[in-house]
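Biologist: Please take me through this model, and then give me a close look at one single part of it. I am new to this, so keep the steps short.

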Amino acid sequence: MRLIEVFSVAVILVLFSSVLSGFMCEFLKIDKKADELRKKTDSLIFVSESFYNTCHGKGYASLEEWKESCRELWGLEDIEWEVVENNKTCVYCGKWKISNETVEVYCSQTD
C-alpha cells in the first residue's frame, strides 16, 4: 500500500511540474514581448525628441550626427531626414523604420 502512495505522489508532482513549466514559459514570452515594446517605446521617444531638439539647435550639432547616432544607439537601418521650405517656414521631416513600421516626425522653424 505504501508503494502505491509514493507512486501516486510522484505522478502528481510530475504533472504539477509540467503545468508549472508551461506557466513559466508563458511568463517568459510575456516578459520578452514587454521588453520589445519597452525598447520600441524608448526608441520612439528618444529619436523623436532628439530630432526636435536638433532642429532647434539643441542636442546634436547636426541632423547628420543625429541620424548616425540614432542608427547606432537603436539599431535603425533605415533612418533619414529631409528639409522642406515653404516661404519663411522651414519644415524638417525625420523618417525611420522600427519593427516593420515607418515613423515620421516633423519640426518647423520660422526664420
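**From the whole chain to one loop**

Modeller: Of the 111 residues of the chain, 22% count as buried. Keep in mind that this is a predicted model. Start with the parts list. The chain has two helices and three strands. Their order along the sequence is α-α-β-β-β, so the helices come before the strands. Now look at the overall form. The radius of gyration is 26 Å, while the globule rule gives 13 Å for 111 residues. The first value is well over the second, so the chain is more spread out than a compact globule. The C-alpha trace spans about 95 × 20 × 20 Å along its principal axes.

Next, contacts and surface. Take the contacts in the chain with a separation of 6 or more: 31% of them join residues 24 or more positions apart. The chain exposes about 8,500 Å², and carbon and sulfur atoms supply 60% of that area. There are 13 positive and 19 negative charges, and the mean positions of the two sets lie 5 Å apart.

Now the close look. Find β1 (79-86) and β2 (89-98), then go to the loop between them. Lys88 sits in that loop. Is Lys88 buried or exposed? Its relative accessibility is 61%. Exposed means over 50%, so Lys88 counts as exposed. Finally, pair Lys88 with Gln109. The two are 21 residues apart in sequence. In space, Lys88 and Gln109 are 8.4 Å apart, C-alpha to C-alpha.

Technical notes. Residues numbered from 1 in each chain as written. Predicted model: local features only at pLDDT ≥ 70, side-chain atom pairs only at ≥ 80, totals over all residues. Heavy atoms only, no water. Helix = DSSP H or I, 4+ residues; strand = E, 2+ residues; numbered from the N terminus. Rg over C-alpha atoms; globule rule 2.2 N^0.38 Å. Buried < 20%, exposed > 50% of the residue type's maximum accessible area, 1.4 Å probe, protein only. Contact = heavy atoms within 4.5 Å. Areas by Shrake-Rupley, 256 points an atom, 1.4 Å probe, with all protein chains shown as cover. Lys, Arg positive; Asp, Glu negative; His and termini not counted. Charge placed at Lys NZ, Arg CZ, Asp CG, Glu CD.
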